[in-house]
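Student: Hi! Could we go through a model together?
Tutor: Sure, here it comes.

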Amino acid sequence: MKDILTLRDKLKAGIFAVTGELGPPRGCDADVVRQKAAMLRGVVDAVNITDNQTAIVRMSSMAASVICMQEGLEPVMQLTVRDRNRIALQSDLLGASALGIRNVLCLSGDHQSFGDQPGARSVNDIDSIQLVYTAHRLCTQKKILHSENQLSSAPDLFIGAACNPFAEPKDFRPLRLKKKIDAGASFIQTQCIYDVQAFSVFMKKVVDMGLHEKAYILAGVMPLKSAG
């Protein structure tokens with residue numbers, strides 16, 4: 001039997017997969033990433049590499065993803081529309097694939113008001129659903145967004161998206177999830193779940209719509225850091 005190595009292969013085979021999260025440092029010390037990677041190695045099937053989380057400047061998710069691969073971890077590179085226009089986003093998708101990064105999570109990104117540069121401009125040239133579609137188009141058609149020009153080669157990416165089952169209006173959440181799956185998302189990672197009953201209600205709607213058969217859904221779990 002073929003060895004199952006990648007997150008994509010494990011999910012396709014029906015194996016219960018676990019991903020962790022690694023936040024790149026607010027600096028360029030690669031050893032910080034290596035130390036965090038050492039704590040996760042052998043514990044998770046893949047690790048999310050955040051993209052300037054909380055809108056604070058950090059080492060790029062692409063660079064940290066490469067370091068994690070050097071340390072024997074499979075990265076899920078997060079990519080936000082907050083900081084890049086469609087040209088830069090597509091360039092980063094191609095670059096990630098060229099470097100051997102196989103998993104990309106397409107996100108909106110935390111609003112800059114949460115970070116230490118609230119005056120920074122959000123780009124949001126396209127939204128997260130359009131980013132999913134753009135990545136899928138690059139992979140399946142070798143075509144750039146809004147262009148008939150073909151790429152010389154197609155990236156090989158396992159495209160993911162995020163979902164918040166608890167955001168208002170809650171009835172809209174399954175419909176928004178469907179839009180991301182229809183756009184080309186193959187796996188979904190939810191926000192952290194603290195209300196299991198509310199998540200059950202959400203998942204019933206997801207199952208009724210048949211979305212669980214079109215994409216792999218990874219439920220978010222995180223221990224509370226403090227009562228606050």
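Tutor: Let's talk about one helix and then a pocket. This is a predicted model, where local features need pLDDT of at least 70, side-chain atom pairs count only at pLDDT 80 or more, and totals for chains, interfaces and linings use all residues. Residues are numbered from 1 along each chain as its sequence is written, and side-chain values use heavy atoms, with hydrogens and water left out.

Student: Which residues of helix H2 are buried?
Tutor: In H2, residues 30-40, they are Ala30, Val33, Ala37 and Leu40. Buried means under 20% relative accessible area and exposed over 50%, with partly exposed in between (1.4 Å probe, protein chains only). Helices (H or I, at least four residues) and strands (E, at least two) are DSSP runs, numbered from the N terminus.

Student: Why are they on the same side of H2?
Tutor: Because they cover an arc of only 75° around the axis, taking the directions from the helix axis to the C-beta atoms.

Student: And what do the buried residues pack against?
Tutor: Strand E1 (19-22), strand E2 (46-49) and helix H3 (61-70), with contact meaning heavy atoms within 4.5 Å.

Student: Which exposed residues does the face turned away carry?
Tutor: Gln35 and Met39.

Student: What follows H2?
Tutor: Gly42, with a positive phi near 80°.

Student: New topic: which element gives the most to the lining of the largest pocket?
Tutor: E7, with five residues.

Student: How does that lining split by class?
Tutor: There are 18 nonpolar, 18 polar and seven charged residues. Ala, Val, Leu, Ile, Met, Phe, Trp, Tyr, Cys and Pro count as nonpolar, Asp, Glu, Lys and Arg as charged, and the others, Gly among them, as polar. On a 1 Å grid over the protein atoms alone, a pocket is an open set of points where a 1.4 Å probe fits, with protein on both sides within 12 Å along at least five of seven lines, and lining residues have an atom within 4 Å of a point.
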